[in-house]
Amino acid sequence: MLSYQHGYHAGNLADVHKHALLAWMLAYLTQKDKPLSYLETHAGRGLYDLTDAAALKTGEAAKGIAIAADWFAADHPYRAVLGRIRARYGANAYPGSPLVAAEMLRPVDSIHLAELHPQEYAALATNMAPYGGVFRQRDGFEMALSLCPPDPRRGLMLVDPSFEVKTDYDTIPPLLAKVHRKWGVGVLVLWYPVLTDGPHRPMLRALQDAFPEGLRHEVSFPPARDGHRMVGSGLFVVNPPYGLQDEGARLSAMFQQRLMQN
């Protein structure tokens, strides 16, 4: 559980998928003049340098955001966040989901982040200090259950584990069901990898049984390197914001069209 560090994978095509839809959802939610809560169970360090040794070792960013940044119009929330982060931290900076959220949220909104890995947590606290929020070095699933329903009750929670702990596939459906019972109005967003051997499929069947009105969105892409098992990225959203299905369709078309050109 404490071996995973997202710096090896930051800015890959799964991040592009996840962060583009996260930014869109937060842009939609912040249109209304009411405060909201943002919760994240596996926050990572929040900010990444795509030229550091970890990123260069896997080459995933080179096949991800390096080719995908110009897929988005200048006024798309994701492209706008990326531009602001790079203007502040340099052209090789990449925002993780905590910074995507922090850039989208307003002073009236609240941020609660959990990260268990000690070095990742220390970096998260440093990188998020200019934005504020509540950061916890603790198990994110425990935080979700203890904090929900948050104040304000309106809001979104991102569940974004590495799935290196294989029991996460079994843990997540009942966890989201418990959170939903406590926080019925919350937008619950689960990211999961699409792997060649399909360990996510039983989890999705359980989620679709529990949340028949939930929205599932997946994109496919080639493996980042020989032998890499991830061939896609998925989101399952409980209480999806209005218009998310259409935005997902636009993103799917973007992935399909642009990846065929590369």
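Student: What span should the 15 residues of helix H8 have, and how far apart are its end C-alpha atoms?

Tutor: The model is predicted. The expected span of a helix is 1.5 Å times one less than its number of residues. For helix H8, residues 168-182, that gives 21 Å, and the end C-alpha atoms lie 20 Å apart, which agrees.

Student: Which residues of H8 are buried?

Tutor: Buried means under 20% relative accessible area. In H8 the buried residues are Asp168, Tyr169, Ile172, Pro173, Leu175, Leu176, Ala177 and Val179.

Student: What do the buried residues of H8 pack against?

Tutor: Two helices and two strands: helix H7 (140-147), helix H9 (200-210), strand E6 (155-159) and strand E7 (187-195).

Student: Now the charged pairs. How many salt bridges does the structure hold?

Tutor: The structure holds 10 salt bridges. To read one, check that a side-chain nitrogen of Lys or Arg is within 4 Å of a carboxyl oxygen of Asp or Glu. Glu247 and Arg250 form such a pair, at 2.8 Å from N to O.

Student: How are Glu247 and Arg250 placed in helix H10?

Tutor: The general idea is that an α-helix has 3.6 residues a turn, so residues three or four places apart point the same way. Glu247 and Arg250 are 3 residues apart in helix H10 (residues 244-261), so about one helical turn separates them.

Student: Is Glu247 buried or exposed?

Tutor: Glu247 is buried, at 8% relative accessible area. Its partner Arg250 is partly exposed, at 48%.

Student: What is the N to O distance in the salt bridge of Glu218 and Arg216?

Tutor: That distance is 2.9 Å. Glu218 is partly exposed at 28% relative accessibility, and Arg216 is also partly exposed, at 37%.

Student: And what is the N to O distance between Glu142 and Arg138?

Tutor: Their side chains meet in a salt bridge at 3.8 Å. Glu142 has a relative accessible area of 46% and counts as partly exposed; Arg138, at 28%, is partly exposed as well.

Student: Which residues are linked in a network of salt bridges?

Tutor: Asp15, Lys18 and Asp160 are linked in this way.

Student: Last, the pockets. How much space lies in the second largest pocket?

Tutor: About 210 Å³. The pocket is lined by 15 residues, and the closest to its centre are Leu13, Lys63, Pro222, Pro223 and Ala224.

Student: What classes of residue make up the lining of the second largest pocket?

Tutor: By class, the lining has 9 nonpolar, 4 polar and 2 charged residues.

Key: Residues are numbered from 1 along each chain as its sequence is written. This is a predicted model: local features need pLDDT of at least 70, side-chain atom pairs count only at pLDDT 80 or more; totals for chains, interfaces and linings use all residues. Side-chain values use heavy atoms; hydrogens and water are left out. Buried means under 20% relative accessible area, exposed over 50%, partly exposed in between (1.4 Å probe, protein chains only). Helices (H or I, at least four residues) and strands (E, at least two) are DSSP runs, numbered from the N terminus. On a 1 Å grid over the protein atoms alone, a cavity is a set of points where a 1.4 Å probe fits but cannot get out, and a pocket is an open set with protein on both sides within 12 Å along at least five of seven lines; lining residues have an atom within 4 Å of a point. Grid points are joined across faces, edges and corners, and a volume is the space filled by probe spheres set on the points. Ala, Val, Leu, Ile, Met, Phe, Trp, Tyr, Cys and Pro count as nonpolar, Asp, Glu, Lys and Arg as charged, and the others, Gly among them, as polar. Contact means heavy atoms within 4.5 Å.
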